[in-house]
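Hi,

Here is the structure I promised to pass along. Have a look at it first, and my notes follow below.

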Amino acid sequence: MSRVAVLAGGESLERQVSLRSGARVRDALEQLGHDAVAIDVGPDLVARLTDEPPDVAFVALHGRDGEDGTVQELLELVGVPYTASGPSACMRCSDKVLAKHALRDAGLATPDFYAFSRTAFESLGAAQALPAIEERLDFPVVVKPASQGSALGIRFAPTAQEVPAAIVAAFSYDTKVMLERHVNGRELAVSVLDGPEGPEALPVVEAIPRGGDHYDFEARYQIGRTDFACPARLEPETTARVQGLALDAYRVLGCYGFARVDLMLDAATGEPTVLEANAIPGLTETSLLPQAAEAAGISFPAFVARVLDLALIRAAA
Ligand SMILES: Nc1ncnc2c1ncn2[C@@H]1O[C@H](COP(=O)(O)OP(=O)(O)O)[C@@H](O)[C@H]1O
Ligand SMILES: [Mg+2]
């Protein structure tokens, strides 16, 4: 039996999801016979971790601070073993621009993109470069902030007219934004789980929008507007390629423990391409990673047990 601190909540825009992930992890830990203590991450985090150090911390935080390496860096400092990726992988995954550069440098497929900082727009005339970019990327272009998740701040711009407003909207989430080529195709997610033989890809999940306007992002992400199929109905050979790409991305980004890679299966080429990796994907009742694990015969408590073991293995190394 271990004393496990479940870190959840925090101040990110994904606080509510994190609290649900944390509650589910806590239930599983109790089922496993561990002594689970919930910590809502705030100004007393370091004090709580040092006053009564847990044997291990389960990080169930999503978004800013918890998933971007900040909390991981603190856990390293106070010497508490913790689950999932370390600071550098978290930083890379939470910044889509950094992640896509790393993937592209490694020769892995990711849609073409151009990224700018707010300074590039305000002081270096980046707006003048928009027509050239739009020509290279074609319409619709996808405009997104470098960080954030859950589709926050993402817009599809169907023509050049919509691009400036989409950029302004994305800048309200981050000081860095990118314009990305729109990929028409099926939307897939592959969760990766480490194990004794190294990382393994879990069954592919497909997000299937329930009709409606293809570019109407808001509608698409409303609860109930998307169905999920797990395992996705793909040719075995396609499944293998999608899983292989997700595993390559996991390794290139330096992830550990578990992560979820979001991809598109390009309808034009039949090839998968990586949109992003989530260092700490949702772990709620409806989240994709637990569903994929279940489909692979790994119950949620078994997943939690494996991830805790991996945290202790890394700390002992
Ligand atoms: N380049 C793209 N082409 C087509 N659809 C995209 C593209 N980028 C994002 N999307 C859609 O937006 C969703 C969210 O984008 P993603 O990059 O995964 O960001 P996040 O999940 O962090 O909000 C995707 O799952 C997909 O439906
Ligand atoms: Mg995503």
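**What turned up**

Glu-180 and Lys-100 are both buried. Keep in mind that this is a predicted model.

Those two residues also pair up: Glu-180 makes a salt bridge with Lys-100, and their closest N and O atoms sit 2.6 Å apart. It's a link between distant parts of the chain, with Glu-180 in strand β7 (residues 176–181) and Lys-100 in helix α5 (residues 96–105), 80 residues apart. They aren't on their own either, as Lys-100, Lys-144 and Glu-180 are linked in a network of salt bridges. If you want to go through the rest, the structure holds 14 salt bridges.

Another one to pull up is the salt bridge between the side chains of Glu-200 and Arg-306, at 3.2 Å from N to O. This pair also links distant parts of the chain: Glu-200 is in strand β9 (residues 200–201) and Arg-306 in helix α12 (residues 300–316), 106 residues apart. Glu-200 has a relative accessibility of 33%, so it counts as partly exposed. Arg-306 is partly exposed too, with a relative accessible area of 23%.

Now to the metal. What coordinates the magnesium ion (ligand 2)? That would be Asp-262 (OD) and Glu-276 (OE), at 2.0 to 2.1 Å. Asp-262 lies in strand β12 (residues 258–266) and Glu-276 in strand β13 (residues 272–278), so the pair ties together parts that are 14 residues apart in sequence. Both Asp-262 and Glu-276 are buried.

Asp-262 has a second role in these notes, as it forms a salt bridge with Arg-260, where the closest N and O atoms are 2.9 Å apart. Asp-262 has a relative accessible area of 13%, which makes it buried, and Arg-260 is buried as well, at 14%.

Last stop is Thr-284. Where does Thr-284 sit? You'll find it in the loop between β13 and α11 (288–295). Is Thr-284 buried or exposed? Its relative accessibility is 3%, so Thr-284 counts as buried. Its side chain makes a polar contact of 2.7 Å with the side chain of Ser-287. Setting aside neighbours within four places in sequence, Thr-284 is in contact with Val-17, Arg-20, Ser-21, Arg-24 and Pro-290.

That's the tour. Shout if anything looks odd when you load it.

Cheers

Key
Residues are numbered from 1 along each chain as its sequence is written. Chains are lettered from A and ligands numbered from 1 in the order in which they are written. This is a predicted model: local features need pLDDT of at least 70, side-chain atom pairs count only at pLDDT 80 or more; totals for chains, interfaces and linings use all residues. Side-chain values use heavy atoms; hydrogens and water are left out. Donors are N, O and S atoms within 2.8 Å of the metal (3.2 Å for Na, K and Ca); water is not among the atoms, so sites may look incomplete. Helices (H or I, at least four residues) and strands (E, at least two) are DSSP runs, numbered from the N terminus. Buried means under 20% relative accessible area, exposed over 50%, partly exposed in between (1.4 Å probe, protein chains only). A polar contact is a pair of N or O atoms within 3.5 Å; within protein, one must be able to donate a hydrogen and the other to accept it, and residues adjacent in sequence count only if both atoms are side-chain atoms. Contact means heavy atoms within 4.5 Å. A salt bridge is a side-chain nitrogen of Lys or Arg within 4 Å of a carboxyl oxygen of Asp or Glu.
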